[in-house]
Amino acid sequence: MASASVGEEEHNNNNKLILYSYWRSSCSFRLRIALNVKGLKYEYRAVNLLKGEQTHPEFLQLNPIGFVPVLVDGPAVIFDSFAIIMFLEDKYPQHPLLPTDIHKRAINFQAASIVSSSIQPLHNLNLLQKYIEEKVGPDEKLPWVQGVIRKGFTALEKLLKEHSGRYATGDEIFMADIFLAPQLHSAYKRFNIPMNEFPILSRLHETYYEILAFREAWPENQPDAVG
Ligand SMILES: N[C@@H](CCC(=O)N[C@@H](CS)C(=O)NCC(=O)O)C(=O)O
């Protein structure tokens with residue numbers, strides 16, 4: 001277990017926030033960005049997914065489905081990145097992650113949902129290792145992931161066409177950005193997606209690289225990062 005504190009402001013109670021995370025997990029990456037954007041300090045607890053620590057009984061007591069991230073905030077133990085972000089939004093209103101305009105809010109929910117329901121679960125570790133690699137064949141892994149990501153990115157590119165500014169839905173960082181940045185990072189770094197097909201997403205990816213709250217959340221900058 002490693003410890004890291006990021007962010008600019010103390011959160012406004014005495015409870016220490018604890019984030020169970022794995023450096024390479026894009027779902028944990030979402031939370032690291034959200035906490036940084038809100039300026040909330042947290043203790044980082046690494047869960048090594050490659051060693052199967054997500055299936056240890058003590059971890060399953062926190063999250064019975066055996067996934068990271070999990071956030072502990074005093075008595076509250078919350079899992080699932082979407083739910084955790086909504087919780088943070090309700091409890092820590094500084095630097096809102098949702099706009100007030102209801103159409104713009106819906107675009108943020110749509111973008112977050114495309115990433116968290118229609119892209120990432122179709123290429124999570126379990127599916128890739130235990131099914132595609134072992135039962136279908138190791139050579140099928142990359143084409144499968146690329147197909148899933150390209151389909152999702154095609155939809156996101158259309159969704160954001162009328163709404164993007166400096167960020168996904170205008171000139172402020174919102175929930176859509178928090179879900180997009182990790183998916184874009186892995187598209188570039190791990191899955192070799194032809195990003196010239198996605199000009200808006202490519203531009204957003206470059207913008208996210210300029211923002212400290214995002215850079216500090218990068219997988220490579222986490223205490224449990226390897227290589
Ligand atoms: N819907 C969940 C998905 C969580 C999830 O799939 N986490 C992955 C890492 S990004 C995980 O823990 N995988 C471990 C495994 O597949 O065994 C969320 O958004 O938090």
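The following exercises concern the ligand site of a predicted model.

**Exercise 1.** Determine how many residues surround the ligand, and how they divide by class.

*Solution.* Begin with the count: the ligand is surrounded by 14 residues. Among these, Cys-27, Gln-54, Val-68, Asp-80 and Ser-81 are the closest. Next, sort the shell by class: 6 of its residues are nonpolar, 6 are polar and 2 are charged.

**Exercise 2.** Identify the ligand atoms that lie opposite polar side-chain atoms of Gln-54 and Asp-80, and the side-chain atom type of Ser-81 that faces a ligand oxygen.

*Solution.* Take Gln-54 to start: a polar atom of its side chain is 2.9 Å from a ligand oxygen. For Asp-80, the partner of the polar side-chain atom is a nitrogen of the ligand, at 2.9 Å. For Ser-81, an N or O atom of the side chain lies 2.7 Å from an oxygen atom of the ligand. Each of these distances is to be read against the cut-off for a polar contact, within 3.5 Å. As for cover, the ligand taken alone exposes 510 Å², of which the protein buries 88%.

**Exercise 3.** Locate the ligand site with respect to pockets, helices and domains.

*Solution.* First, the pocket: the ligand takes up the space of the largest one. Second, the elements: helix H1 (26–37) and helix H5 (125–136) are those that give two or more residues to the shell. H1 supplies the largest share, 3 residues. Third, the domains: domain 1 (19–95) and domain 2 (102–219) each contribute at least three residues to the shell.

Notes:
Residues numbered from 1 in each chain as written. Predicted model: local features only at pLDDT ≥ 70, side-chain atom pairs only at ≥ 80, totals over all residues. Heavy atoms only, no water. Near = heavy atom within 4 Å. Polar contact = N/O pair within 3.5 Å; in protein donor to acceptor, adjacent residues only side chain to side chain. Areas by Shrake-Rupley, 256 points an atom, 1.4 Å probe, with all protein chains shown as cover. 1 Å grid on protein atoms, 1.4 Å probe; cavity = no way out; pocket = protein on both sides within 12 Å on 5 of 7 lines; lining within 4 Å. Sits in = over half its atoms within 2 Å of the grid points. Helix = DSSP H or I, 4+ residues; strand = E, 2+ residues; numbered from the N terminus. Nonpolar A, V, L, I, M, F, W, Y, C, P; charged D, E, K, R; others polar. Domains from an automatic or database assignment.
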